[in-house]
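Me: Could you take me in for a close look at one small part of this protein, and then follow what it leads to? I'm in my first year, so please say what the labels stand for as you go.

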Amino acid sequence: MAGKGTPATALLQKQKVTHTVHTYDHDPRAESFGLEAVEALGLEPGRVFKTLVTDVDGKLVVGVVPVTGQLDLKALAAAAGGKKAKMADPAAAQRATGYVLGGISPLGHRSRLPVVLDGSALNYPTMFCSGGRRGLEVELDPAELVRLTGAVVAGIAAG
């Protein structure tokens, strides 16, 4: 991975967090980046999480949910201490995180954003999330993700 690191992988290395980097060839025609990772890497879908940037009462908040489910915006707003949540403007999400859509990691944002992690992540010894680029997943202990991001853990996945 020399020369191909991201702010997310750099943070994991700097904090000496045990993790594994998994890469695959991203297909630009893929409709779901998360499900593409599941298929390309042969992973259990419930262990792979997508990172969604939302707007909660005018402030950006990151929701991390299994790729097999949807983000429950009402539950996310409550977990973030807000009243109303909607998906963030894609350009604002990319600006605040420093990542492109489909490659937004919950780690290593340009601006520190509040993170809410779906509680189902804690059912696994390790989880997978974007490493900060399309075709790049990192596997780590969900407790480490919570520690590094200061995440709130709540039931925010629907379906």
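Reply: Let's sort out the labels before anything else. Helices (H or I, at least four residues) and strands (E, at least two) are DSSP runs, numbered from the N terminus. Keep in mind too that the model is predicted.

Our starting place is the loop between α1 (7-14) and β1 (19-23), where K16 is found. Look at its backbone: K16 has a positive phi of about 55 degrees, although this residue is not a glycine. Is K16 buried or exposed? Its relative accessibility is 74%, so K16 counts as exposed.

Now step back into helix α1 and look for L12, which has its place there. L12 has a relative accessible area of 0%, so this residue is buried. Which residues does L12 touch, leaving aside those up to four places away in sequence? The list is V17, H19, L107, V138, L140 and L148. Not everything sits so close to L12, though: its C-alpha atom and that of T126 are separated by 14 Å, with the two residues 114 apart along the chain.

One of those contacts, L148, takes us to helix α5, residues 142-149, where the buried residues are P142, L145, L148 and T149. Those four cover an arc of only 125 degrees around the axis, which means that they are on the same side of α5. What lies over them? The cover includes α1, β6 (115-118), β7 and β8. So you can follow this link both ways: L12 touches L148, and α1 is among the elements that cover the buried residues of α5.

Have a look at both ends of α5 while you're there. At its start, a side-chain oxygen of D141 comes within 2.7 Å of the backbone nitrogen of A143. After α5 comes G150, with a positive phi near 70 degrees.

From here, β8 gives us a path to another helix. We have just met β8 among the cover of α5, and β8 is also included in what covers the buried residues of α2. Within α2, those buried residues are G34, E36, A37 and V38. Just after α2 you'll find G42, which takes a positive phi of about 65 degrees.

Both α2 and β8 turn up again around the largest pocket. Its volume is about 560 Å³. How many residues line it? There are 30, and F33, K50, T51, L52 and G102 lie nearest the centre. At least two lining residues are supplied by each of α2 (33-41), β2 (49-56), β4 (70-71), α4 (90-97), β7 (127-133) and β8 (136-140). Which element gives the largest share? That's β2, with five residues. As for the mix, the lining divides into 14 nonpolar, 10 polar and six charged residues.

Let's zoom in on T51, one of the residues nearest the pocket's centre, which lies in strand β2. Its relative accessible area is 12%, so T51 counts as buried. Outside its neighbours up to four places away in sequence, T51 touches V62, G63, V64, I104, S105 and P106. The contact with I104 has a polar side to it: a polar atom of the T51 side chain lies 3.3 Å from the backbone oxygen of I104.

I104 is a useful bridge, since T97 touches this residue as well, along with V53, G108, H109, R110 and L113. T97 is found in helix α4, which we just met as a supplier of the pocket lining. With a relative accessibility of 2%, T97 counts as buried. A polar atom of the T97 side chain lies 2.8 Å from the backbone oxygen of A93. For a sense of distance, the C-alpha atoms of T97 and V153 are separated by 20 Å, and these residues are 56 apart along the chain.

Finally, go back to β2 and follow the chain into the loop between β2 and β3 (59-66), where D57 is found. Here's an echo of our starting place: the phi of D57 is near 50 degrees, a positive value in a residue other than glycine. D57 has a relative accessible area of 46%, so this residue is partly exposed, whereas K16 counts as exposed.

How values were computed. Residues are numbered from 1 along each chain as its sequence is written. This is a predicted model: local features need pLDDT of at least 70, side-chain atom pairs count only at pLDDT 80 or more; totals for chains, interfaces and linings use all residues. Side-chain values use heavy atoms; hydrogens and water are left out. On a 1 Å grid over the protein atoms alone, a cavity is a set of points where a 1.4 Å probe fits but cannot get out, and a pocket is an open set with protein on both sides within 12 Å along at least five of seven lines; lining residues have an atom within 4 Å of a point. Grid points are joined across faces, edges and corners, and a volume is the space filled by probe spheres set on the points. Ala, Val, Leu, Ile, Met, Phe, Trp, Tyr, Cys and Pro count as nonpolar, Asp, Glu, Lys and Arg as charged, and the others, Gly among them, as polar. Buried means under 20% relative accessible area, exposed over 50%, partly exposed in between (1.4 Å probe, protein chains only). The arc is that of the directions from the helix axis to the C-beta atoms. Contact means heavy atoms within 4.5 Å. A polar contact is a pair of N or O atoms within 3.5 Å; within protein, one must be able to donate a hydrogen and the other to accept it, and residues adjacent in sequence count only if both atoms are side-chain atoms.
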